[in-house]
Amino acid sequence: MLTALIEGIRSRPIPGAVGHCPFCNSEMIPRCGEIRVHHWAHKSKVDCDPWWEPETDWHRNWKNEFPLGWQERVFEDHDTGERHIADVYTLAGLTLEVQHSHLDPKERRAREAFYKNMLWVVDGSRLKGNRSKILGWRGALTEIFHGGQRTNLFLTSEANELFPSDWLESSVPICFDYMGPNAETSSAPTRLFLLYPGSVRGRRLVEPLTRDELLRAIYSERVHISAVRSVLKNVLRLRFSNRRC
Ligand SMILES: [Zn+2]
C-alpha cells in the first residue's frame, strides 16, 4: 500500500513511523528502501480486502501518477455493507483498478458491478503469449477516418487475436499496458491500448495511447463509462471510410 493513516491522517511511508491500514486498521510498517517504490506493509498477515493483490512497482507507479488523496480509497455499499479499497478514485468519480495477476472472470464482474464507473489498467506483459499477440496490431486495426481526418480510433474484428481473451467480455474500458514487470523492452509496444467495451457492428473499438495521453483522458473524464458509451454511439452512427493505418 502507498498510504496509511498516521493519527487519522493519510500519509506516505515515513521511515520509523507507524501507520494503520485505511481498510482494516491493522498496524503498518514503512518500507523505504533504495530499490522498490516506497510503500507500507501490513505488520502481520491480516484479513484485509480480499480483492487486494501483492503489488509490483509497476502497480505502485500507476497509482503514484495520481494525487495522494485519490489513492487507495475505501468504498462501502451502504445497502449490503460490502467494503473494498479502490486503487485510485478520481475527484470526478472514476475508479481505476490496476491488475497484474490473473483475475477470475467472476471476480472481474463483481468488481465492475461494485465500482460501476471504472477503468482497468491491465498488465499485458505478464504472459509471453499476450506479448506476442499484440505485435501484429498494425495489421489488425483499421483506423476510422471522419471528414477526411484521422480519429485515432480503430476497429478490429480480431480482438481475440490481439488481446488476452479473459478480458474481452468486460463491461468497462480496459487499458492494456505492455510495459509491465515482464516487458521485453526490445520488442514491446510502448503505447497503451484502450479497448472499449461493447462492439460496433460486431467489431471492437480500440484507441492506442501514450501514457500521458491516457492520463489526460482520465483527467478530462473522457474514459468515464458515460463518455465511452457516447463515443460508441457516435461511431455507430458514422458513415466512415475505413483505411488501414
Ligand atoms: Zn489492511
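**Asking how we know**

User: Phe145 lies in strand 10. What makes a stretch of chain a strand or a helix here?

Analyst: Both are DSSP runs, numbered from the N terminus: helices are H or I with at least four residues, and strands are E with at least two. By that rule the protein has seven helices and 15 strands. Keep in mind that this is a predicted model, where local features need pLDDT of at least 70, side-chain atom pairs count only at pLDDT 80 or more, and totals for chains, interfaces and linings use all residues. Residues are numbered from 1 along each chain as its sequence is written.

User: Why does Phe145 count as partly exposed?

Analyst: You count the other C-beta atoms (placed from the backbone) within 10 Å of its own: 20 or more is buried, 12 or fewer is exposed, and in between is partly exposed. Phe145 has 15 C-beta neighbours inside 10 Å, so it falls in between.

User: And why does Ser44 count as exposed?

Analyst: Ser44 has just 8 C-beta neighbours inside 10 Å, so it counts as exposed. Its place is in the loop between strand 5 (39–42) and helix 1 (57–63). Its C-alpha atom is separated by 27 Å from that of Tyr89, 45 residues apart along the chain. For Phe145 and Leu238, 93 residues apart along the chain, the C-alpha separation is 9.6 Å.

User: How do you know that strand 10 and strand 11 pair?

Analyst: Two strands pair if DSSP finds at least two bridges between them. Strand 10 (residues 142–146) and strand 11 (residues 149–156) have four, in the antiparallel sense. Phe145 stands opposite Arg150 in strand 11. The two strands form a hairpin with two residues between them, and Gly147 in the turn has a positive phi of about 60 degrees. Strand 11 also pairs with strand 14 (residues 204–209), antiparallel over three bridges, and there Phe154 has Val206 as its bridge partner.

User: Which strands pair with strand 12?

Analyst: Strand 9 (residues 118–123) pairs with strand 12 in the parallel sense over four bridges, with Val122 opposite Phe176. Strand 13 (residues 192–195) pairs with strand 12 in the antiparallel sense over three bridges, and Cys175 has Leu194 as its bridge partner there. In strand 12 (residues 174–177), Ile174 and Phe176 point one way while Cys175 and Asp177 point the other, and all are buried.

User: What makes a group of residues a nonpolar core?

Analyst: The members must be buried Ala, Val, Leu, Ile, Met, Phe, Trp, Tyr or Cys residues, joined through C-beta atoms within 7 Å. The largest such core here has 46 residues, and Phe176, Cys175 and Leu194 are among those with the most contacts inside it. Strand 9 gives the largest share of this core, five residues. In soluble globular proteins, nonpolar side chains tend to be buried together.

User: Which residues does Phe176 touch?

Analyst: A contact needs C-beta atoms, placed from the backbone, within 7 Å of each other. Not counting residues up to four places away in sequence, Phe176 touches Val122, Gly124, Phe163, Leu192, Phe193 and Leu195.

User: How do you know that the buried residues of helix 2 are on the same side?

Analyst: In helix 2 (residues 105–115), Arg108, Arg111 and Tyr115 are buried. They cover an arc of only 65 degrees around the axis, so they sit on the same side of helix 2; the arc is that of the directions from the helix axis to the C-beta atoms. Pro105, Lys106 and Ala113, on the other side, are exposed. The buried residues pack against strand 7 (83–89), strand 8 (95–99) and strand 9.

User: What is odd about the phi of Glu7?

Analyst: Glu7 has a positive phi of about 50 degrees although it is not a glycine. Most residues other than glycine have a negative phi. Glu7 sits in the loop between strand 1 (4–6) and strand 2 (9–11). With 7 other C-beta atoms within 10 Å, Glu7 is exposed.

User: How do you know that the radius of gyration agrees with a compact globule?

Analyst: The radius is taken over C-alpha atoms, and the globule rule is 2.2 Å times the number of residues to the power 0.38. For 245 residues the rule gives a value near 18 Å, and the protein has 19 Å, so the two agree.

Conventions
Two residues are in contact if their C-beta atoms, placed from the backbone, lie within 7 Å.
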